[in-house]
Amino acid sequence: MDRISSSFFIPRNEQGYESIYKRIRLMPLYSFPHYKELKPHLKNLVPKVFLHIDFDAFYAQVEQRDNPNLRGKPVSVGSTTGNKGIVMTASYEARVFGIETGMSQWEAKQICPQLISLPCYGPKYEVIMINLMKGLREFVPDEFIEQYSVDEYFLDITYFVRNFKQAEELGYKVKERIFDMENLTCSVGVSYNKSYAKMATKFMKPNGLSVVTPEERESKIYPLPVKKIWGVGTRINRRMSIMNIFTIGDLANASEHILKKEFGINGLVFRKLARGEDTSGIFNRVVHEKSLNHGHTLTNTIYELSEVKNEIRKIAEYLCRKLRDKKLVAGYLYFVLRYDNLRYASGDIHLAIIQMTTEFFMKPLWMSLRAFHSLMNTLE
Ligand code: DCP
Ligand code: MG
Ligand code: MG
């Protein structure tokens, strides 16, 4: 399957931006509906309603929000400023000139010399998305929310609305809330399956809202080019054209047998997605943390016992805060100490009482530190 976006990402080793690029590369969260998720034998589809949210020109809009001088101007966000690198996104003012994601900055500057190219700052965009989650929880509980990519959310609103009219109203409320919270515009799509909702979002970009009901499938979705289907990239699109499949309608009505022969099981998935038979639900990527850690390298070596204790207290406090924040408890403590001659000492301890307060952490930490110390002394 074509991983459409990944090829646009700038190599991680680009000077000075290593961590940022690593983050961004990791961010698109693919949840392409798997065949198993589509429940092929299910004849009567359970009626559902999904809401899809996608920010407009996300990185560029954030930069324009944060710097009024950039508002209303053609702006692109890429790896670096100037002519190097690739355009990750461009403001709608820049899109008028034909500037697109994936284009080289140099090429973009050729078509639009007044283009302001900015470097991207991944963590900032990430924080907006995390913050937004809180706002979305006002509408539906956690288990009905899925962050799909760097700027997208899916909401399963089946149990919170009675019909598409109410779904549309909810969509407007969500948009309003997002604007209140972040001062950013997004577009929203509402439909009875995730794939159609995602497509609907694009209908009225920027700052729009579109609804696709089951009755509107043939009129709104079927005329669209087949490329719009989740997972249909350039190569698959080309292969489909050879098979005379150009629109989503063509794909929806194509023979299952032929599709399976050409694309294997994915052929059937594509057909189901085209027909609006995408039964995939909210995919919650809850990662269960196995360990949390925190470390600190001091600028100046410390020798005083009180100072060492203080330092451990700080680290323990930070760690406990992380635990409390994630509502976790720990049963095992691992401690590493580095001396000024770069030698290491480490030790671990099982915690009898599992609490998330610094005080309870301090004692075993301190005990293990004393154990290292005596260990080091016997070694030397
Ligand atoms: N992005 C990226 N590399 C890509 C595609 C996107 O780094 N190949 C980043 C930049 C975008 C953000 O992800 O701002 C969101 O991607 P979208 O595809 O949603 O594009 P935009 O939000 O920029 O524009 P649109 O208004 O079309 O959604
Ligand atoms: Mg977007
Ligand atoms: Mg997006």
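Where in the structure is the place of asparagine 183? I looked this up in what is a predicted model, and found asparagine 183 in the loop between α6 (164-182) and β7 (186-191).

**Entry 1: backbone at asparagine 183.** I read the phi of asparagine 183 as near 60°, which is a positive value in a residue other than glycine. I then asked myself whether asparagine 183 counts as buried or exposed. Asparagine 183 counts as exposed because it has 11 C-beta neighbours inside 10 Å, and the cut-off for exposed is 12 or fewer.

**Entry 2: the loop between α7 and β8.** I went next to the loop that runs between α7 (194-203) and β8 (209-212), where proline 206 lies. The peptide bond that joins lysine 205 and proline 206 is cis, and I noted its omega as about -10°. Asparagine 207 also has its place in the loop between α7 and β8, and its phi, near 55°, is again a positive value in a residue other than glycine. I counted 14 other C-beta atoms within 10 Å of asparagine 207, so this residue is partly exposed.

**Entry 3: the nonpolar core.** Which residues have the most contacts inside the largest nonpolar core? I found that this core has 65 residues, and that those with the most contacts inside it are Leu51, Tyr59, Leu155, Val190, Ile229, Leu251 and Phe270. I followed leucine 155 further, leaving aside its neighbours within four places in sequence, and listed its contacts as Phe50, Leu51, Leu136, Phe139, Val140, Phe144 and Ile145.

**Entry 4: a three-stranded sheet.** I traced an open sheet of three strands, in the order β3-β2-β4, and recorded its pairing as mixed. The edge strands are β3 (87-90) and β4 (116-119), each of which pairs on one side only. With direction ignored, I noted that neighbouring strands of this sheet are turned by 30° against each other on average. As a reminder to myself, strands of a sheet pair through backbone hydrogen bonds, either parallel or antiparallel.

How many bridges join strand β2 to β3? I counted three between β2 (residues 75-78) and β3, and these two strands run antiparallel. One pairing I wrote down by residue is that of valine 77, whose bridge partner in β3 is threonine 89.

Finally, I looked at what packs on the sheet, and found helix α2 (residues 58-66), which touches β2, β3 and β4. The direction of helix α2 makes about 115° with that of β2.

Note on methods
Residues are numbered from 1 along each chain as its sequence is written. Chains are lettered from A and ligands numbered from 1 in the order in which they are written. This is a predicted model: local features need pLDDT of at least 70, side-chain atom pairs count only at pLDDT 80 or more; totals for chains, interfaces and linings use all residues. Helices (H or I, at least four residues) and strands (E, at least two) are DSSP runs, numbered from the N terminus. A residue is buried if 20 or more other C-beta atoms lie within 10 Å of its own, exposed if 12 or fewer, and partly exposed in between; C-beta atoms are placed from the backbone. A nonpolar core is a set of buried Ala, Val, Leu, Ile, Met, Phe, Trp, Tyr and Cys residues joined through C-beta atoms within 7 Å. Two residues are in contact if their C-beta atoms, placed from the backbone, lie within 7 Å. Two strands pair if DSSP finds at least two bridges between them. Axes are lines fitted to C-alpha atoms, for helices over the stretch in contact, and angles run from 0 to 180 degrees between N-to-C directions.
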